[in-house]
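This report concerns a metal site, a pocket and a strand pairing, read from the coordinates of one protein model. Please keep the sequence and the structure in view while reading.

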Amino acid sequence: MTEEIASRDAYRSTAEGKVVLVTPEGVKLNRTVFYGRGGGQPGDVGTLRYAGGSVEVLDTIRREGQIVHVVADPLGLEPGMEVEGVIDWDRRYRLMRTHTALHALSGVIWRDFGAKVTGGNMEPGMARMDFELDSMSNEFGREVERILNEELVKGYPAEVLFLARDAALTDPELIRTKVNLIPEYVNEIRVIDIVGLDRQADGGTHVRSTLEVGPVRVVKTESKGKANKRMRIELV
Ligand SMILES: [Zn+2]
């Protein structure tokens, strides 16, 4: 099992580790700071440095739950080698801000309009989220933008919690975000709690406070079918 630093400390940008496995698909380490693509958040990019060289990490993915670093050229790497992983921190930090903005958006739309999220995806600085809503006008987009920005500047703390499965399954806030769909073998459920605004099971990386998100703009509202409306947001 790889020790995944990003799961507990999203603010680390480098970490030392050892190569465990090199496959045509990529490299597994015993310990990594890279986030593996999932839950709508792209995988990290960056560099693996080693004595006498370095290799570019083009993407980070998951295979059977394990983090795989997709590298430009694995030839210099062998099991047992010590490496230092360095992520593209500017990109990651932008993704953290974007991801926290999405959770805050989902919290606002649930609290003020009673609509659940049906899907979402993000790139650094921009994202989309789909809601169980019958309609979504431009005016609605502007109103949500105003409320969201008012909430973000209040500086809600975003905390990472690890809950026992039984506790998570009976948490009324987590039920709405379909925590019951998490596979049964997962005993400990990671939760991002933007305390007082949004609480959901999530594997991604987030900023510590909604203040760090900065202002957000709603750039588009569109229909994706009956009771499925999409909102696109951008960090300003
Ligand atoms: Zn999330």
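What follows describes a predicted model, beginning with the zinc site and moving on to the pocket and a hairpin.

**The zinc site**

The zinc ion is coordinated by three residues, namely H99 and H103, each through NE2, and D202 through OD, at 2.0 to 2.1 Å. Along the sequence these donors follow the spacing H-x3-H-x98-D. The two histidines, H99 and H103, both belong to helix α2, where they sit four residues apart, or about one turn of the helix. H99 is classed as buried because its relative accessibility is 2%, under the 20% cut-off, and H103 is likewise counted as buried at 2% relative accessibility. Once neighbours within four places in sequence are set aside, the contacts of H103 are I192, I194, D198, Q200, D202 and H206; D202, which appears among these contacts, is also a donor to the zinc ion.

**The largest pocket**

How much space lies in the largest pocket? The volume comes to about 1,600 Å³, and the lining is made up of 48 residues, of which I182, R190, A201, D202 and G203 are the closest to the centre of the pocket. D202 thus appears both in this central group and in the coordination of the zinc ion. Two or more lining residues are given by each of α1 (5–8), β7 (66–71), α2 (89–113), β9 (117–123), β12 (188–194) and β13 (198–201). Helix α2, one of these elements, also carries H99 and H103, whereas the largest share of the lining, six residues, is supplied by β9. The table gives the lining of the largest pocket by residue class.

| Class of lining residue | Count |
|---|---|
| Nonpolar | 18 residues |
| Polar | 19 residues |
| Charged | 11 residues |

**The β2–β3 hairpin**

Elsewhere in the model, strand β2, covering residues 14–23, and strand β3, covering residues 26–29, run antiparallel and are joined by four bridges. The connection between β2 and β3 is a hairpin that passes through two residues. Within this pairing, V22 stands opposite V27 of β3. In a regular strand, side chains alternate between the two faces of the sheet.

Note on methods: Residues numbered from 1 in each chain as written. Predicted model: local features only at pLDDT ≥ 70, side-chain atom pairs only at ≥ 80, totals over all residues. Heavy atoms only, no water. 1 Å grid on protein atoms, 1.4 Å probe; cavity = no way out; pocket = protein on both sides within 12 Å on 5 of 7 lines; lining within 4 Å. Points joined across faces, edges and corners; volume = space filled by probe spheres on them. Nonpolar A, V, L, I, M, F, W, Y, C, P; charged D, E, K, R; others polar. Buried < 20%, exposed > 50% of the residue type's maximum accessible area, 1.4 Å probe, protein only. Contact = heavy atoms within 4.5 Å. Donors = N, O, S within 2.8 Å, 3.2 Å for Na, K, Ca; no water. Pairing = 2+ DSSP bridges.
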